[in-house]
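Take a look at the fold below. We will go from the overall build to single contacts, and then to the strand where several of them meet.

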Amino acid sequence: MKEKIFTPLHLEGKYVVLDEISPKYFPYVIKWRNNPKLNKYLNQPFRLTMELEKKWYEEVYLKDATQDFFIMVDKKTDTPFATLGHTEIDLKNRVCIGGRLLLGNSDYAQHPAFWEGYFLTEDHTYEFVDTEYIHVVYENHKAMRFDKSLGFIPNDGEIKYPNETLVNGMRLQELYRTKDMYLKVRERLFYSMAN
């Protein structure tokens, strides 16, 4: 088994705890990913079960050092509420694919724990990469607006990950954000949240 890059990941902020995926979080992930309100644009054309999640975790995730998958947990109430992660983490070329962002509990949409969890994850990731790519379904206007508000811009040049632009019959646009772009957005958003 390959040694994972981020294992074990456990980061704590003022409002949030970030834990790497483990079996204790499977019920939450399964519930969220099977929710029709949340999974319309997910790369998951099947109903997720405990058996499938366990198989993926043991046979894929634990053996693949180029991906991470985090659970955001409310530090005060110990409530898991969202996921976020990366794939294709390439330390040599300092790039990765961001994704797996799923807000399972809508009560946290504007909660400080969500924003702190997002920035803790990305701060950690940008220690290892200089550019992060994401892929968003063209019809997912809400996600597109959200990602652009976080500094991502469309990749109008050569597509870095062409296999990610057509998945399960869905067309996705490739966007990217450099570390400098991220730091500018982080500063602006932190300033606006503080005022």
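What percentage of the 195 residues in the protein do buried residues make up? The share is 44%. Keep in mind that this is a predicted model.

Start with the overall build. The protein has five helices and nine strands. Along the sequence they follow the pattern β-β-α-α-β-β-β-α-β-α-β-β-β-α. The C-alpha atoms fill a box of roughly 40 × 40 × 35 Å, taken along the principal axes. The radius of gyration is 16 Å. A compact globule with 195 residues would have a value near 16 Å, so the protein agrees with that expectation.

Now turn to strand β6, residues 131-137. How many of its seven residues are buried? The count is seven of seven, and β6 is mostly covered. Both faces are covered. One side carries T131, Y133, H135 and V137. The other carries E132, I134 and V136. The residues on both sides are all buried.

Next, the strands that pair with β6. Strand β5, residues 95-103, pairs with β6 in the parallel sense over three bridges. C96 has E132 of β6 as its bridge partner. The connection brings in a helix: β5, α3 and β6 make a right-handed β-α-β unit. Strand β9 pairs with β6 as well, but in the antiparallel sense, over seven bridges. Here V136 is matched with Q173 of β9.

The side chains add to this picture. A search of the whole structure finds seven salt bridges. One of them joins K75 and E12, with the closest N and O atoms 3.4 Å apart. K75 lies in the loop between β3 (68-74) and β4 (79-90), and E12 in strand β1 (residues 10-12), so this bridge ties together parts that are 63 residues apart in sequence. Are these two residues buried or partly exposed? K75 counts as partly exposed because its relative accessibility is 37%. E12 counts as partly exposed too, at 47%.

A different setting holds for E122 and R177. Their side chains meet in a salt bridge of 2.6 Å, N to O. The pair links distant parts of the chain: E122 belongs to helix α3 (residues 112-125), R177 to strand β9, and 55 residues separate them. Both E122 and R177 are buried.

R177 has another partner. E132 forms a salt bridge with R177, the closest N and O atoms being 3.3 Å apart. This pair also links distant parts of the chain, with E132 in β6 and R177 in β9, 45 residues apart. Why do both partners count as buried? E132 has a relative accessible area of 3%, and R177 is at 0%, so each falls under the 20% cut-off. Through shared partners, the salt bridges join E122, E132 and R177 into one network. Recall that E132 is also the bridge partner of C96.

Aromatic rings come next. The count is 15 aromatic pairs. One of them is Y118 with F119, an edge-to-face pair at 5.4 Å centre to centre and 85° between the planes. Y118 is buried, at 4% relative accessibility. F119 is buried as well, at 1%.

A second pair brings us back to β6. Y133 and Y176 form a tilted pair, 6.2 Å centre to centre, with 40° between the planes. Y133 sits in β6 and Y176 in β9 (residues 170-178), 43 residues apart, and the pair links distant parts of the chain. Y133 counts as buried because its relative accessibility is 13%. Y176 is at 23%, so it counts as partly exposed.

Rings also group together. F114, W115, Y118, F119, Y126, F146 and Y182 form one aromatic cluster.

Finally, look at charges over rings. The charged end of R100 sits over the ring of F69, 5.1 Å from its centre. The charged end of R171 is placed over the ring of Y138, 4.4 Å from the centre.

To close, return to β6. This strand pairs with β5 in the parallel sense and with β9 in the antiparallel sense. Its residue E132 joins the salt-bridge network with E122 and R177, and its residue Y133 forms the tilted pair with Y176.

How values were computed: Residues are numbered from 1 along each chain as its sequence is written. This is a predicted model: local features need pLDDT of at least 70, side-chain atom pairs count only at pLDDT 80 or more; totals for chains, interfaces and linings use all residues. Side-chain values use heavy atoms; hydrogens and water are left out. Rings of Phe, Tyr and Trp (its six-membered ring) pair if their centres lie within 6.5 Å; planes under 30 degrees apart count as stacked, over 60 as edge-to-face and the rest as tilted. Buried means under 20% relative accessible area, exposed over 50%, partly exposed in between (1.4 Å probe, protein chains only). Helices (H or I, at least four residues) and strands (E, at least two) are DSSP runs, numbered from the N terminus. A charge sits over a ring if NZ of Lys or CZ of Arg is within 6 Å of the ring centre and within 35 degrees of the ring normal. A salt bridge is a side-chain nitrogen of Lys or Arg within 4 Å of a carboxyl oxygen of Asp or Glu. Two strands pair if DSSP finds at least two bridges between them. A crossover is right-handed if, with the strands pointing away from the viewer, the path from the first strand over the helix to the second runs clockwise. The radius of gyration is taken over C-alpha atoms; the globule rule is 2.2 Å times the number of residues to the power 0.38.
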